[in-house]
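I opened the model today to look up a handful of things and write them down in order. The notes below are kept short.

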Protein chains: 2
Amino acid sequence: MNTEMHTRNAIVDRLREYGINPTHQRIEIAYTLFSRQEHLSADQILAAVNTRHSETSKATVYNTLNLFVKKKLIREVIVDPSKVFYDPNVHIHHHFYNVESGQLMDIDSAALELTGLPTLPEGLAIERIDVIVRVYPQHLNS
Amino acid sequence: MNTEMHTRNAIVDRLREYGINPTHQRIEIAYTLFSRQEHLSADQILAAVNTRHSETSKATVYNTLNLFVKKKLIREVIVDPSKVFYDPNVHIHHHFYNVESGQLMDIDSAALELTGLPTLPEGLAIERIDVIVRVYPQHLNS
DNA sequence: CAGGAGGTTAGACACAGTCTATTTATTAGG
DNA sequence: CCTAATAAATAGACTGTGTCTAACCTCCTG
């Protein structure tokens, strides 16, 4: 398991592990994502980073999140057409998505198994498999 | 299996079946989706409907697609953060998504099986399960 | 013919995300 | 240290998808 992600020192080490130069803004953004183990959107991260102290621009938040994704420090979750969520958990796992509230919950992939996948079209390789279980509050119909 | 979807008469019948008043614009939009068995985005549909003949506004295309989804005539596919695709196939099935080209291909769900899904959180029911296999051309790395 | 419901429309708007040009930090070399 | 070069951050303009509003059109019914 990973080292604690609740101190900024641990964050700095982790950024270096992933080949990311640890600047102030990157540390704050990573800290925001890793300390609360939650699925946040770019604008939530922007708000969180700026309520604390100092300033980080919108451009930097987007640049940084895209960098983190490219370096595989975090991962995108695409479930809502209007915004992307970022997931600090890069282990293989899947998601419940509450279509009413917008809330995302992890599904550990240990138990979940997928069988009978057809052979891939020629020349293609799998990058990742997303399983999204869309749920809604039972008393509502439609 | 469904009747042929290659004539406008068949489209009109189908719209009625789903409780949708078949207007000119709705027929053209449905025809566009059902005649080519493809996954199109709203702007592709807007373009396709308007190159033929006459005019359909952007607002109507969005209104109509949302209506079709609500009536379960078609279904949304959420794989790309920048746009929604619409799928004329409402049978249970899943998708390959080529992250390079943006191309979507169906995976028939007959073979594909999902086991070990954890019990749902209290008070929630499943609306739908999406399985998206993200693929990329093999010769490219990352 | 009057009124109303449902449908369509143009254009303004909202908002996530990107781009560009400039400024600021950081690093490496002398 | 000082300087040059590179990497990162910034404000603000911009793009593209999708929504909203208010006007208008069409058809049906009384």
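These entries go from the conventions to the two chains, then to the DNA strands and a few single residues.

**Conventions.** I am working with a predicted model, in which local features need pLDDT of at least 70 and side-chain atom pairs count only at pLDDT 80 or more, while totals for chains, interfaces and linings use all residues. Residues are numbered from 1 along each chain as its sequence is written, and chains are lettered from A and ligands numbered from 1 in the order in which they are written.

**Relation of the chains.** I looked up how chain A maps onto chain B, superposing by least squares on the C-alpha atoms of residues with pLDDT of at least 70 in both. A turn of 180° with a shift of 0.0 Å along the axis lays chain A on chain B with an RMSD of 0.1 Å. The two copies are therefore related as by a two-fold rotation axis. The same surface serves both copies, since 100% of the contact residues of chain A recur in chain B.

**Interface.** For contacts I used the criterion that the C-beta atoms of two residues, placed from the backbone, lie within 7 Å. By this count 34 residues of chain A are in contact with 34 residues of chain B. On the side of chain A that touches chain B, the elements giving two or more residues are β2 (75–80), β5 (104–108), β6 (113–115) and β7 (124–137) of chain A; here helices (H or I, at least four residues) and strands (E, at least two) are DSSP runs, numbered from the N terminus. The largest share of that side, 14 residues, comes from β7(A). I then sorted the residues of that side and found 24 nonpolar, five polar and five charged, where Ala, Val, Leu, Ile, Met, Phe, Trp, Tyr, Cys and Pro count as nonpolar, Asp, Glu, Lys and Arg as charged, and the others, Gly among them, as polar.

**Strand pairing.** Two strands pair if DSSP finds at least two bridges between them. Between the chains, β7(A) is joined by 13 bridges to strand β7 (residues 124–137) of chain B, and these strands run antiparallel; as an example I noted that the bridge partner of Ile129(A) in β7(B) is Val133(B). β6(A) also pairs with strand β6 (residues 113–115) of chain B, in the antiparallel sense over three bridges, and there Thr115(A) has Glu113(B) as its bridge partner.

Within chain B, four bridges join strand β4 (residues 93–98) to β7(B), and these run parallel, with Asn98(B) bridged to Val135(B). Within chain A, I found an open sheet of three strands in the order β1-β3-β2, with antiparallel pairing. Its edge strands are β1 (40–41) and β2 of chain A, each of which pairs on one side only. β1(A) and strand β3 (residues 83–87) of chain A pair over two bridges, and Leu40(A) stands opposite Tyr86(A) in β3(A).

**DNA strands.** I took a residue as near a strand if its C-beta atom, placed from the backbone, lies within 6 Å of it. Which residues are closest to DNA strand D? Of the 23 residues that surround this strand, the closest are Thr23(A), Gln25(A), Ser57(A), Ala59(A) and Thr60(A). The largest share of the surface near DNA strand D, five residues, comes from α4(A), and the residues of this surface divide into six nonpolar, eleven polar and six charged.

DNA strand C is surrounded by 24 residues, the closest being Asn21(B), Thr23(B), Ser57(B), Ala59(B) and Thr60(B). α4(B) gives the most to the surface near DNA strand C, with five residues, and I counted that surface as six nonpolar, twelve polar and six charged.

**Single residues.** Is Phe34(A), in helix α2 (residues 24–35) of chain A, buried or exposed? Phe34(A) is buried, because 20 other C-beta atoms lie within 10 Å; the rule is buried at 20 or more, exposed at 12 or fewer and partly exposed in between, with C-beta atoms placed from the backbone. The C-alpha atoms of Phe34(A) and Arg134(A), 100 residues apart along the chain, are separated by 25 Å.

Lys72(A), found in the loop between α4 and β2 of chain A, has a phi near 65°, a positive value in a residue other than glycine. Lys72(A) counts as exposed because it has 11 C-beta neighbours inside 10 Å.
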